[in-house]
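Me: I would like to learn how to read a structure that is new to me, one feature at a time. Could you guide me through it?

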Amino acid sequence: MAYLGVITTRDQYRAALTDRAATVAAALDSDKVSELKGSASDAKVPAYHELQTKLRLLKQNNTDARSIYLAVLKNDQVYSAVDSEVPGSAYYLAPGEQLMGASDVFKSVFQGTLPTVEGPLNDSSGQWVSGLAPVVDLRTGQAVGVVGIDVDSSEYNRTIIAAAIVPLLVTLVFLVVLVIYEWNRLRQQRELRMRSELMSIASHELRTPITGMRWAAESLLHTQPEGPTKSMAQAMYDSVLNLQAGTEDILQLTRLQKNPKMQLAPTDLVVLINEICNTQRIVAGQRRVIIKMDQSWPTSLLLSCDPARIKQVFHNVVSNAVKYTREGTTVLLSYKRDAKNHSISVTDQGIGIPKDEQGRVFDGFYRASNAKASGESGTGLGLYLAKTIVDQHHGKISFVSDQNKGTTFTVSLPADKK
Amino acid sequence: MDEQTNQTVLVVEDEPAMRKMLVGVLQQAGYTVIEAGDGKTGLQMATSQQPAAIVTDNFMPVMNGVEMIAAIRKDTSWGSTVPIIVMTNVNDMDAVNKALQAGGIDYLMKSDIQLDQIVALVKQRLGAK
């Protein structure tokens, strides 16, 4: 892209210089130019001073030029006729002075009568570029002289370099910004991944000893005869269950807080709910509770959501239902679809939620009085976390409860927009 | 209460305290129990001693549960029919699904299950054979 800038600008520069030379050439009277022969005696020709004055005037419009001169062809060699400079100055060409460095390009301007640019060329005074244009006798169509505008190359170089540099700089800045952005994004991704791995490891590290303690406490409990040691074992077992529930809640909460952004993915809710039911079945079996998905469910149900978090929601709701439903009863999961939402309901036949406490159910660390009394372990974070996640998904979680019949929790999630 | 069975059960579990408890309850139930602390040792013991059932953890060093199960199932005679019960501690359905696809026939969440339920499941799987 910058290379193109160089070419365009160089061409533009050369074209402009060509125009400038042509403008000067057009400003000169070809008859007057014809009077000059390219010898020292030209200085005595009246036209000489007129042309010189004109050239000096024109030089004022070409301040970057070293000189503007007129050359004529004599015996197939190029000779200076008149120029804009003062005798004694650096670039002065005396009339009749042979331009030894005149190249074939220069000579061709006499023949072809087309303006052109020559250079950059080197000489004793440095590097320069020439715009050359013929002064044409309109009657004969022949060139009677060639105007040259010599511009210092450094000016030329400066212009094209500046023009090349700008797009180059822009590209560079853009690339640097892009690289920084990408690097940052990858670093953030890596950090997120590390954090989630750390979370998994932390979860594992906490769950393992707690499970171990629970198993041991449970074994002890079963093998102790009635007496003070058995009560101690019972106390230990109950404590461990509470510890387990609390740890799970804190792990959930930490996971949510550490990764506040949702990671949406197309998820089959039917598969997800099935997995929850399967995991809960064994625990349910301990109290002969049956978990069932009724016939309202489709074979599959795709929804864009954060699958890990939605799983957490239903894990919390279903495990609550399993915990608080009466022994031997059924926890029923049903599905309903309306124009905007998918609604999933979990119904238990349990102890219900007292009317005066229903307003606080979704508060963090809140457990209803009858839940606490039931002896079941729990920290009260489950529904708070569920609501946080459902809210994040722009859904709704609600319940109806009758204290001696049971409770139905309904989670509704907005359907994907087609 | 516990029937006398002369069947061998292999327990593969990297956490020593838990392994001890699992071995203990299964021995109490009358089984001969062999144990391994990682998937590689578990595979070696499985192929050499061909137990009647395997109870294994999923998340283990050296070789994890999924790899071990896949390797056991490669054996077309004994290896393809032995009941393998997978235990997991982490709420990672992805890992569980992989274990079941590799050939595990049951999975249990350690944090939700009681020890005697594990024994009951082993009995069920062995009785049903």
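Me: Among the contacts in chain B with a separation of 6 or more, what percentage comes from residues 24 or more positions apart?

Reply: In this predicted model, 61% of those contacts in chain B join residues 24 or more positions apart. Of the 129 residues in chain B, 40% are buried.

Me: Which pattern does chain B follow when read along the sequence?

Reply: The pattern is β-α-β-α-β-α-β-α-β-α, and it is built from five strands and five helices.

Me: How are the strands of the sheet in chain B ordered, and is the pairing parallel or antiparallel?

Reply: In general, strands of a sheet pair through backbone hydrogen bonds, in either a parallel or an antiparallel way. Here the five strands of chain B form an open sheet in the order E2-E1-E3-E4-E5, and the pairing is parallel. At the edges lie strand E2 (32-36) and strand E5 (106-109) of chain B, each of which pairs on one side only. Strand E4 (residues 84-88) of chain B pairs with E5(B) over four bridges, and B:Met87 stands opposite B:Leu108 in E5(B).

Me: How do helix H8 and helix H10 of chain A cross?

Reply: Two packed helices are described by the distance between their axes and the angle between them. The axes of helix H8 (residues 307-324) of chain A and helix H10 (residues 382-392) of chain A come within 9 Å and cross at roughly 145 degrees, and the crossing of H8(A) and H10(A) is left-handed. Residues making the contact include A:Ile310 and A:Val313 of H8(A) and A:Leu385 and A:Ile389 of H10(A); the residues of this contact divide into eight nonpolar, four polar and one charged.

Methods
Residues are numbered from 1 along each chain as its sequence is written. Chains are lettered from A and ligands numbered from 1 in the order in which they are written. This is a predicted model: local features need pLDDT of at least 70, side-chain atom pairs count only at pLDDT 80 or more; totals for chains, interfaces and linings use all residues. Axes are lines fitted to C-alpha atoms, for helices over the stretch in contact, and angles run from 0 to 180 degrees between N-to-C directions. Helices (H or I, at least four residues) and strands (E, at least two) are DSSP runs, numbered from the N terminus. A crossing is left-handed if the near helix is turned anticlockwise from the far one by less than a right angle, and right-handed if clockwise. Two residues are in contact if their C-beta atoms, placed from the backbone, lie within 7 Å. Ala, Val, Leu, Ile, Met, Phe, Trp, Tyr, Cys and Pro count as nonpolar, Asp, Glu, Lys and Arg as charged, and the others, Gly among them, as polar. A residue is buried if 20 or more other C-beta atoms lie within 10 Å of its own, exposed if 12 or fewer, and partly exposed in between; C-beta atoms are placed from the backbone. Two strands pair if DSSP finds at least two bridges between them.
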